[in-house]
Amino acid sequence: GLGSNTVIDSVTVAWPDAAGSTTTVHNPPVNRYLEITAAGLSVADASNDAVPGMLKLYPNPAKDFILVQVSNNEPLERIEVYDVLGRSVNQMKKLSPDEVTVYCNTDHLPQGQYLIQVATVSGRSFSGVFMKSR
């Protein structure tokens with residue numbers, strides 16, 4: 001993590017290729033999921049920009065944890081995870097009012113598919129599906 005830092009000078013990715021290629025992105029935004037390709041910082045699909053917030057779950061499938069974020073970086077207030085039978089298996093309420101990316105522990109969940117519902121501090125709600133692997 002960044003700790004109390006709010007700025008990143010650069011991120012360098014060393015690609016696992018025979019040439020030993022690297023990609024450096026200078027001054028990337030913080031508190032966001034970024035996609036870095038060999039060409040640099042990936043530009044989001046224009047169709048996604050038209051949607052005022054989408055739920056992002058990473059990694060998916062999850063093993064020990066999943067990171068939860070709304071694409072427009074709205075602070076999150078509540079997260080609830082349900083199994084395929086609709087039973088609540090994990091709740092996180094009253095999150096920090098400025099928390100935009102939340103770490104959810106999934107190591108206690110059995111392998112399978114789960115529904116996640118998220119409420120933001122502005123009252124909007126989002127839902128998504130993730131897979132829990134071994």
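1. Two strands are taken to pair if DSSP finds at least two bridges between them, strands (E, at least two residues) and helices (H or I, at least four) being DSSP runs numbered from the N terminus. On that basis, Ile79 has Met92, in strand 8, as its bridge partner, and strand 7 (residues 76–82) is joined to strand 8 by 4 bridges, the two running antiparallel.

2. The model is a predicted one, in which local features need pLDDT of at least 70 and side-chain atom pairs count only at pLDDT 80 or more, while totals for chains, interfaces and linings use all residues. Residues are numbered from 1 along each chain as its sequence is written, and side-chain values use heavy atoms, with hydrogens and water left out.

3. The chain comes to 1 helix and 11 strands, and from the N terminus on its elements follow the order β-β-β-β-α-β-β-β-β-β-β-β.

4. Strands 7 and 8 belong to an open sheet of 4 strands, ordered 8-7-10-11 with antiparallel pairing. Its edges are strand 8 (88–92) and strand 11, each of which pairs on one side only. Neighbouring strands of the sheet are turned against each other by 20° on average, direction ignored, where axes are lines fitted to C-alpha atoms (for helices, over the stretch in contact) and angles run from 0 to 180 degrees between N-to-C directions.

5. There are 2 aromatic pairs in the structure, a pair being rings of Phe, Tyr and Trp (its six-membered ring) whose centres lie within 6.5 Å, with planes under 30 degrees apart counted as stacked, over 60 as edge-to-face and the rest as tilted. Phe65 and Tyr103 form a stacked pair, at 5.2 Å centre to centre and 20° between the planes, and this pair links distant parts of the chain, since Phe65 lies in strand 6 (residues 65–70) and Tyr103 in strand 9 (residues 101–105), 38 residues apart. Phe65 counts as partly exposed because its relative accessibility is 29%, and Tyr103, at 48%, likewise counts as partly exposed; buried means under 20% relative accessible area, exposed over 50%, and partly exposed in between (1.4 Å probe, protein chains only).

6. Tyr114 and Phe130 also form a stacked pair, at 5.6 Å centre to centre with 25° between the planes. Tyr114 lies in strand 10 (residues 112–120) and Phe130 in strand 11 (residues 125–132), so the pair ties together parts 16 residues apart in sequence; both residues are buried.

7. For the chain as a whole, 28% of the 134 residues count as buried.
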